[in-house]
Amino acid sequence: MNVKMFGEICDAFGPSGFEEDVIRTVAKYCKGLELENDAMNNLYARMPGEDPEKPVVMLDAHTDECGFMVQSIRENGSLEILMLGGVILTNLPAHTVMIRTRSGKLVRGIISSKPIHFMTEAERASQSLSIETLSVDVGAVSRKEVTEVFGISIGDPAVPEVSFSYDEERDLCFGKAFDNRAGCACIIDTMTRLCGEKDQLAVRVTGAFAAQEEVGTRGATVTSQIVRPDLAIVFEGSPSDDFYFSAAQTQGHMRGGVQIRRMDKSYISNPVFIEYAEELAKKFGIPFQETVRRGGSTNAGKISLTAKAVPVLVLGVPSRYVHTHYNFCAKSDLEAAADLAVEVIRGLDAEKIRHICRQDILK
Ligand SMILES: [Zn+2]
């Protein structure tokens with residue numbers, strides 16, 4: 001796994017609906033692949049010269065990250081914001097964001113709430129936050145300055161201001177948006193490794209980098225119709241749970257390997273596909289952990305409902321504190337996810353696909 005590539009993708013600006021910078025960065029690392037984008041910021045990567053008769057495995061990852069949009073500009077120069085994606089409000093005050101203006105300039109802002117010094121006793125006691133009471137301060141003193149000097153308009157998008165770094169000694173990645181730039185990096189790694197052996201594969205492989213997952217898996221609604229996959233692998237930067245449960249109950253240990261997701265709110269996984277993947281993980285010594293999620297959802301929910309129904313394998317990279325500014329993940333877990341996808345694709349043949357698609361049940 002190319003850490004420099006992963007870092008650049010994480011640093012790219014891309015809240016839901018504004019993924020252009022991410023798809024350009026992804027494209028930079030899709031060497032040798034054919035690329036196409038659509039009007040929604042979905043990006044498709046294909047291996048040139050594939051046999052059109054072969055079944056298609058779609059590799060999905062969403063490109064968007066949780067972010068914000070400028071909703072209005074107050075007379076005093078502070079900005080009201082809306083959230084793009086699900087963020088807990090108490091994680092926001094005193095953090096910085098980058099706002100992208102219409103001319104493409106990035107402006108730093110501090111997410112602020114009323115300072116303790118100005119709170120009434122009742123406000124101090126309740127400590128409640130609402131998105132309407134948070135604001136972003138860019139250091140301006142008037143609405144006029146915000147619009148005319150800073151060039152900020154309502155509707156401008158914003159993301160957490162965080163720069164990626166990698167601690168080689170500890171195999172530790174730090175940065176923002178691991179949900180789901182981890183998945184984007186896994187698609188690139190998987191496809192560039194398999195491209196040279198495409199003629200030996202029983203399937204075609206299409207990378208589908210989907211926009212707007214965080215606002216309701218919207219991009220995958222389109223990508224699954226365009227690609228019309230026979231099988232799919234969804235990569236996710238999934239929440240690591242190792243600080244919240246006992247060792248026995250933890251299903252998302254950082255450094256515990258790729259998570260194979262059995263269920264979440266959007267999808268009950270195809271057990272035949274999972275058993276096949278787990279056999280390969282054991283055979284090739286790829287660390288994995290099984291997860292049954294009480295909540296959460298992925299693009300698998302949408303993809304699985306396409307056409308004649310699509311078996312989907314959901315692979316997670318345990319990432320700490322997703323949907324907040326700062327994340328940690330282990331490079332070894334990224335590699336486990338991509339390694340497993342590579343072996344799953346290499347191992348597919350017509351009979352296995354029939355079995356996974358349950359075409360042998362009535363025989
Ligand atoms: Zn995600």
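In the predicted model, Cys173 stands opposite Cys329, a residue of strand S17. Strand S11 covers residues 172-175 and runs antiparallel to S17. Four bridges join S11 and S17.

These strands belong to an open sheet of three strands. The order is S10-S11-S17, and the pairing is antiparallel. Strand S10 (165-167) and strand S17 (327-330) stand at the edges. Each has a single partner strand, so one side of each is left without a neighbour in the sheet. From one strand to the next, the twist averages 20°.

Two helices pack on this sheet. Helix H5, residues 178-194, touches S11 and S17. The direction of H5 makes about 30° with that of S17. Helix H9, residues 331-347, touches S10, S11 and S17. The direction of H9 makes about 60° with that of S17.

Helix H5 also contributes to a metal site. The zinc ion has protein donors from His62 (NE2), Asp179 (OD) and Glu236, the last entering with two OE entries. These donors lie 1.8 to 2.6 Å from the zinc ion. Along the chain, they follow the spacing H-x116-D-x56-E. Distant parts of the chain are thereby linked: His62 lies in strand S3 (residues 56-62) and Asp179 in helix H5, 117 residues apart. The four donor atoms subtend angles of 52 to 138° around the zinc ion, which makes the arrangement irregular. A tetrahedral assignment would need all angles between 85 and 135 degrees.

Accessibility was computed for two of the zinc-binding residues. His62 has 0% relative accessibility and therefore counts as buried. Asp179, at 9% relative accessibility, counts as buried too. The cut-off for buried is under 20%.

Definitions and conventions. Residues numbered from 1 in each chain as written. Predicted model: local features only at pLDDT ≥ 70, side-chain atom pairs only at ≥ 80, totals over all residues. Heavy atoms only, no water. Pairing = 2+ DSSP bridges. Axes fitted to C-alpha atoms, helices over the stretch in contact; angles between N-to-C directions. Contact = heavy atoms within 4.5 Å. Donors = N, O, S within 2.8 Å, 3.2 Å for Na, K, Ca; no water. Tetrahedral: all angles 85-135°; square planar, octahedral: opposite > 155°, others 65-115°. Buried < 20%, exposed > 50% of the residue type's maximum accessible area, 1.4 Å probe, protein only.
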